[in-house]
Each structure stands twice: as C-alpha cells, then as structure tokens.
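Trainee: I would like a close look at one part of this model. Please set that part in its surroundings as you go.

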Amino acid sequence: MQQTIMPGKMFYIYPSTNPEVIEFFYILKGVIRYEHEGKEIVLKAQDAFSVNGLKEPIYFEAKTEVEYLWVITEPAFHIVSDDIHSLRDMIAEAEKRDPFTFKHSERVAQYAVKIAKKLNLSQNQLKDLYFASELHDIGKVRVPEEVLNKPGKLTNEEFDVIKKHPSDGAELVQNTGYRHLESIIIQHHERLNGSGYPCGLKEEEILLEAKIIAVSDTFDAMTEDRAYRKAFTAQYAMDELKRLAGIQYDEKIVNALEEILREEGKIE
Ligand SMILES: [Fe+2]
Ligand SMILES: [Fe+2]
C-alpha cells in the first residue's frame, strides 16, 4: 500500500495484540523522524524499517511531504481507525465553515505534543493528547455559521451557544473509539482560577492534558487572524500567556511553550 503524509503531520503505530505481526515501511520520498526507546531516528528516501513485537506506540513526524510503502503481514494494526476518519471529516467540515480556524486543530496538536514532550509525559499520554487536540473543537460543528464567523462582538446568547462546544464535542466522541478522550475535550476551556467553562473547574480538578490544550489553543487562536481582528505576534501572545500564568494557565506549561518558541526562533 502506498501512502502520502503531508509535512508536519504526526501519526502513530500501535502495538499489535498479535506478536507475530510484522509491519514494514519503505520511504519513497521525504524525511520522517521518530523516537524509539529514547533515541531519535531520522528516515530518508530508500530507508526501510520494520517493526514487530512493539511494546509502546511509536510516534512519527513527517519533516517534509513523505511517500512510503507500507506492508503488513496481517491487517491487525490500525494507524487511524475508521472512527478518527469520520471524526476528522467532521473537523474538516467545521474548519471549512470557519476560514479563520482552518488547520487550527492540527497546529494545536503539534504544540500540545511538543509541550508534553518537554514535560516528559508518557507515550500513551502523548497519544491521547494528540488525538484529543485534533478533536478538541469538534463540538463547533453544532455552532451556526453566523455565530462562528460573526465579525463583531458576540451577544450573551451567542456566547452561550459557543460555550456548548466542549460538552458537544465530548458527546460526539462518546460512541467512538475515542470516548476515553471525552474528559480532556470537555475541559479544554476550563481555567485554573475557575473562570473557564462549562463547569468552572479549578486547579487540580482540571486534567493536565486539558491544561496543555488550553495553552496551545490560546496561543494558536491569538496568533491567527480572526473575523474581528488581525493576528497578534508570537511574542505578544506569549507575553499575554505569561501574564495569565498561575491565574488562568498552568505556569509550567506556559514556560514549556516559551522554551519551544524560543528554540524555534519565534520569540526572543
Ligand atoms: Fe474550543
Ligand atoms: Fe480551539
């Protein structure tokens, strides 16, 4: 089977329940990196690699557009299940209706995973965080387009409609293989001091994964154009997050993002 992945895209392969299964990848084009047993490995065109007896999921990142051949001795692995396909279609649908959030979920996922790695989260947490980030705004499919794209200030009623998207999102994943992500999704707008929604949770009542998405989501929202304003600079968004660190956002998460942005040359 020949597959293509776009630059910056991440994906996972999971351990099989059948130890006999062998999976084989042959890179046709592009550069892909992954980490295995704490080591960073870079694969380029004509590199091949095979896995069997995986104990932990492996997380890959496409550095460029990548084409690869994928051979598997039996279809026991699922890189992405059918569920995530239909859920992703819903996100694409939601993002299409709102041109300002195009690719938002994907960028949120990228920063969330980078932050999580700085904070040494486990491979499993990383995987959940990645999918929860991709799905965090899926509840917005139920928000009418006029409200999503309104250029002016929202009325209280309109804001109430927006505020339903975390619970709607949690509900939408309930009948899928991603139901274990529902508490992360429902909590992504909760804030440390209880000023968030929908439940007004505080501090330790909020999951670490949801706190990471909150920071990554806020940063991305501020650095992109919106119907009612132009994008802020990365530096401005970071200063704002730092001002609210310990009040709304978890300080160690904000610091981790700052470190990443500095390493990427996006802030001073
Ligand atoms: Fe959201
Ligand atoms: Fe978001």
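Trainee: What share of the contacts with a separation of 6 or more comes from residues 24 or more positions apart? Then please take me through helix 2 and what surrounds it in the model.

Mentor: The share is 71%: that is how much of the protein's contacts with a separation of 6 or more comes from residues 24 or more positions apart. Keep in mind that this is a predicted model. Its mean pLDDT is 84, and 86% of the residues reach 70 or more. One stretch needs care. Residues 75-81 have a pLDDT below 50, and beyond near neighbours in sequence this stretch has 15 contacts in the model. Where pLDDT is low, the predicted coordinates should not be read in detail. Overall, the protein has 10 helices and eight strands. Of its 268 residues, 30% are buried.

Now helix 2. This helix runs over residues 104-118. From first C-alpha to last, its 15 residues reach 21 Å, close to the 21 Å expected at 1.5 Å a residue. The buried residues of helix 2 begin with His-104 and Ser-105, then Val-108 and Ala-109. The list goes on with Tyr-111, Ala-112, Val-113, Lys-114, Ile-115 and Ala-116. So polar names such as Lys-114 appear in it too, under a count of 20 or more other C-beta atoms within 10 Å.

Next, the core. In soluble globular proteins, nonpolar side chains tend to be buried together. Here the largest nonpolar core has 43 residues. Ala-112, Ile-115, Leu-135, Val-215 and Leu-257 have the most contacts inside this core. At least two residues each come from helix 1 (82-97), helix 2, helix 3, helix 6, helix 7, helix 8, helix 9 (234-243) and helix 10 (251-263). Helix 2 gives the most, with seven residues.

Follow one link outward from helix 2. Ile-115 is touched by Val-215. Leaving out residues up to four places away in sequence, Val-215 also touches Leu-241, Tyr-249, Ile-253, Val-254 and Leu-257. A second core is separate from this one. That core has seven residues, including Ile-32, Leu-43, Ala-62 and Tyr-68.

Helix 6 (residues 165-173) also feeds the largest core. His-165, Pro-166, Gly-169, Ala-170, Leu-172 and Val-173 are its buried residues. They lie on the same side of helix 6, because they cover an arc of only 160 degrees around the axis.

Now the end of helix 2. Most residues other than glycine have a negative phi, and most peptide bonds are trans. Asn-120, which follows helix 2, has a positive phi near 55 degrees. Asn-120 sits in the loop between helix 2 and helix 3 (123-135). Asn-120 counts as exposed because it has 8 C-beta neighbours inside 10 Å.

The loop between helix 7 (182-186) and helix 8 (208-222) holds two more backbone exceptions. Pro-198 is in that loop, and the peptide bond from Tyr-197 to Pro-198 is cis, with omega near 5 degrees. Glu-203 lies in the loop between helix 7 and helix 8 as well. Its phi is positive, near 30 degrees. Glu-203 is exposed, with 12 other C-beta atoms within 10 Å.

Last, the strands, for context. Strand 4 (residues 32-36) runs antiparallel to strand 5 (residues 39-43), and five bridges join the two. Glu-35 has Glu-40 as its bridge partner in strand 5. The pair forms a hairpin with two residues between the strands, and Glu-37 in the turn has a positive phi of about 45 degrees. Strand 4 also pairs with strand 7 (residues 58-62), again antiparallel, over three bridges. There, Tyr-34 has Phe-60 as its bridge partner.

Met-6 gives a link over sequence. Met-6 is in the loop between strand 1 (2-5) and strand 2 (10-13). With 11 C-beta neighbours inside 10 Å, Met-6 counts as exposed. Even so, setting aside neighbours within four places in sequence, Met-6 is in contact with Ala-62 and Glu-65. From Met-6 to Lys-63 there are 57 residues in sequence and 8.5 Å in space, C-alpha to C-alpha.

Key
Residues are numbered from 1 along each chain as its sequence is written. Chains are lettered from A and ligands numbered from 1 in the order in which they are written. This is a predicted model: local features need pLDDT of at least 70, side-chain atom pairs count only at pLDDT 80 or more; totals for chains, interfaces and linings use all residues. pLDDT is the predictor's confidence in each residue, from 0 to 100. Two residues are in contact if their C-beta atoms, placed from the backbone, lie within 7 Å. Two strands pair if DSSP finds at least two bridges between them. Helices (H or I, at least four residues) and strands (E, at least two) are DSSP runs, numbered from the N terminus. The arc is that of the directions from the helix axis to the C-beta atoms. The expected span of a helix is 1.5 Å times one less than its number of residues. A nonpolar core is a set of buried Ala, Val, Leu, Ile, Met, Phe, Trp, Tyr and Cys residues joined through C-beta atoms within 7 Å.
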